[in-house]
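Trainee: Could you take me through how a model like this one should be read, feature by feature?
Mentor: Gladly; let us have it in front of us.

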Amino acid sequence: MGSVSAALAPSSSVYTNGHFSSSNNSTSLSVEDGANQLAMVKPSSSAVSLPNYKWRLLIAYDGTRYAGWQFQVSPPTIQCIVEKALVQITKLERDHLHFVGASRTDTGVHAWGQVAHFITPFNYDSLETIHAALNGLLPSDIRVREIAAATPEFHARFSAKSKIYHYKIYNDSIMDPFQRYHVYHSAYKLNTAAMREAAKLFIGKHDFSAFVNVSRNDRVPDPLKRIFRFEVIEMGPLIQLEVEGSGFLYRQVRNMVALLVQIGKEAIPADIVPKILATRDRRELAKYALSAPPHGLCLVSVKYNEEHLRLPSECPATSFGRYHTISKCKIPYY
């Protein structure tokens, strides 16, 4: 846990994400959070309608200790932890934040480029302090890498054009202990040429019903997904599978990886891929492979069209974090 001492000055020119609100209809609000004070601009009660301000977050996390992204209190999830920090800082109820993530990563899955958005009824003049406050409240295995203003049309999940996942395999007789929480270990010598040949067969638009596990109740999946690229990259004993697609079904990536591992072991031929796809039956895949473990998987990036990433007019600058500084050396020189 860290502390933030800097304060945000109220904004005199309020941008309202598509709604105009003059400074005469807004008041300065200071929110106390321990020793921290975050100054925000909040519309007064006399305003006819409250404008909404949408904010985009870029989040990285180590998923080892968490039960995935989707909100639940116990066991804790990434969304739950980040929402608690946002509630503490903004003093808003979680239902008012409308906090949404681009990808509902599963238990034990990591992310470097998760994208999320939330909404406030007030504006920020600067985003650096709330950025520092968020990371000060979050545990060290969750970090907000970037905060930016977003247009009303932006939606972290539904505006996504594609998502990129990496799955890492340590292919050696002995596992590197320093990578055990983020890389899957295969002691079988894998034929990467065969894996590369099979990965190409996933590219294109297919019905991936054979590669989806039973969906959760809140998901209504469309089995037709497009894979733009699927690469198998060798870096010494490390094999990195990189897949980019329009979207992915529940455990689809881990199921595709599991089949590629079996092909890499030369237990089955590469041309099994289109045959399993054609069945559209998850039981067919189960004859050859089980899901790959979650800890090797990482959401690396979520891509959007340019218009979805443009900044609204008169909005605060994007925060990428800030370095700490000191005015003078506090250690006596001898």
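**Aromatic pairs, core and confidence**

Mentor: Let us start with the rings, since in this predicted model the count comes to eleven aromatic pairs.

Trainee: How is the pair formed by Tyr-165 and Phe-248 arranged?

Mentor: In general, a pair of aromatic rings is described by the distance of the centres and the angle of the planes. Here Tyr-165 and Phe-248 are edge-to-face, with 5.5 Å from centre to centre and 90° between the planes. The pair links distant parts of the chain, as Tyr-165 belongs to strand E7 whereas Phe-248 sits in the loop between strand E11 (238-245) and H5, 83 residues apart. Tyr-165 counts as buried because its relative accessibility is 7%, and Phe-248 counts as buried because its value of 18% falls under the cut-off of 20%. Another pair, Phe-202 and Phe-208, is stacked, at 6.4 Å centre to centre with 20° between the planes. Both of these residues, Phe-202 and Phe-208, are buried, and together with Phe-211 and Phe-230 they form one aromatic cluster.

Trainee: Where does the largest nonpolar core lie with respect to domain 1 and domain 2?

Mentor: The general idea is that in soluble globular proteins, nonpolar side chains tend to be buried together. In this structure the largest nonpolar core has 84 residues, and those with the most contacts inside it are Phe-211, Leu-241, Met-256, Leu-259 and Ile-263. Helix H5 (residues 252-264) supplies the largest share of this core, eight residues. The core lies between the domains because domain 1 (53-158) and domain 2 (161-300) both give residues to it. Leaving aside neighbours within four places in sequence, Leu-241 is in contact with residues including Tyr-165, Met-195, Phe-230 and Leu-260.

Trainee: Is Asn-135 buried or exposed, and which atom lies 2.8 Å from a polar atom of its side chain?

Mentor: Asn-135, found in helix H3 (residues 128-137), counts as buried because its relative accessibility is 18%. A polar atom of its side chain lies 2.8 Å from the backbone nitrogen of Val-144. Not counting residues up to four places away in sequence, Asn-135 touches Ile-142, Arg-143 and Val-144.

Trainee: Over which residues does pLDDT stay under 50?

Mentor: As a general caution, where pLDDT is low, the predicted coordinates should not be read in detail. The chain has a mean pLDDT of 86, with 81% of its residues at 70 or more. Over residues 1-48, however, pLDDT stays under 50, although the model has 106 contacts beyond four places in sequence for them.

Note on methods. Residues numbered from 1 in each chain as written. Predicted model: local features only at pLDDT ≥ 70, side-chain atom pairs only at ≥ 80, totals over all residues. Heavy atoms only, no water. pLDDT = per-residue confidence, 0-100. Contact = heavy atoms within 4.5 Å. Helix = DSSP H or I, 4+ residues; strand = E, 2+ residues; numbered from the N terminus. Buried < 20%, exposed > 50% of the residue type's maximum accessible area, 1.4 Å probe, protein only. Polar contact = N/O pair within 3.5 Å; in protein donor to acceptor, adjacent residues only side chain to side chain. Core = buried A, V, L, I, M, F, W, Y, C linked by side-chain atoms within 4.5 Å. Domains from an automatic or database assignment. Phe/Tyr/Trp six-rings, centres within 6.5 Å; stacked < 30°, edge-to-face > 60°.
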